Amino acid sequence: MTWIMLSMRKMQLKSEISDLQYEDVQISNQIQDLSEYANNIADGTITYSEMASCPSSLFGTQLDFMTNCASAAYESATSKTNAYIQQLAQTNSETGNQYGYAMGTTDSTSYDTTTIFNEIYKEEMEQYAEEMQEVINDYEEELEQRRTQVETQLEAKEAELQTYDDRISQNIQDQAISL
């Protein structure tokens, strides 16, 4: 009769092992998706091919990144470009227009604001991507820790299952009728 109780525990262990294996696979998939997402946003921009290859679980997150990154970079680049242009104009007036001539402007007041803006915008996009990379890395570390816990629990359950298998076999042999 004890082997029946042991068999019931064995079935429960198999169910728990199955649940832990499923959780391990889910965590592994999340880590893989995050890795691909991190690669997509590494340079601060997302190309069409990167968008198409984005894991479906993070498609919305990637769209949010594109929206937030672009707007944050635009606002920052606008204010920094204006501040830079004012600083250039002040430096130019303090140097008697010599700085403007050295910068290559013909009238010593017109600067290529589009180029300046684009450079600052690109830098801001990259900086935003770096900040997101830190967030992603922190989350990946949490997932790795959880995965380690799950794998440890899984090993313990599998060892316990093996013990129950052995005990059931031994119990059946002990209670067998010998002729």
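**Exercise 1.** Work out whether Phe65 and Tyr128 are buried or exposed, and how their rings pair.

*Solution.* Start with the cut-offs: buried means under 20% relative accessible area, exposed over 50%, and partly exposed in between (1.4 Å probe, protein chains only). Phe65 and Tyr128 are both buried. This is a predicted model, where local features need pLDDT of at least 70, side-chain atom pairs count only at pLDDT 80 or more, and totals for chains, interfaces and linings use all residues. Residues are numbered from 1 along each chain as its sequence is written, and side-chain values use heavy atoms, leaving out hydrogens and water.

Next, recall that rings of Phe, Tyr and Trp (its six-membered ring) pair if their centres lie within 6.5 Å; planes under 30 degrees apart count as stacked, over 60 as edge-to-face and the rest as tilted. The structure has three aromatic pairs. In one of them, Phe65 and Tyr128 sit 5.6 Å centre to centre with 40 degrees between the planes, a tilted pair. Finally, place the partners: Phe65 is in helix α3 (residues 59-94) and Tyr128 in helix α5, 63 residues apart, and the pair links these distant parts of the chain. Helices here are DSSP runs (H or I, at least four residues), numbered from the N terminus.

**Exercise 2.** Classify the ring pair of Phe117 and Tyr121, then the burial of each residue.

*Solution.* The ring centres of Phe117 and Tyr121 are 5.8 Å apart and the planes meet at 20 degrees, so this pair is stacked. Both residues lie in helix α5, four residues apart, about one turn of the helix. Phe117 counts as buried because its relative accessibility is 19%, whereas Tyr121, at 23%, is partly exposed. To finish, ring pairs join Tyr74, Phe117 and Tyr121 into a cluster.

How values were computed
Helix = DSSP H or I, 4+ residues; strand = E, 2+ residues; numbered from the N terminus.
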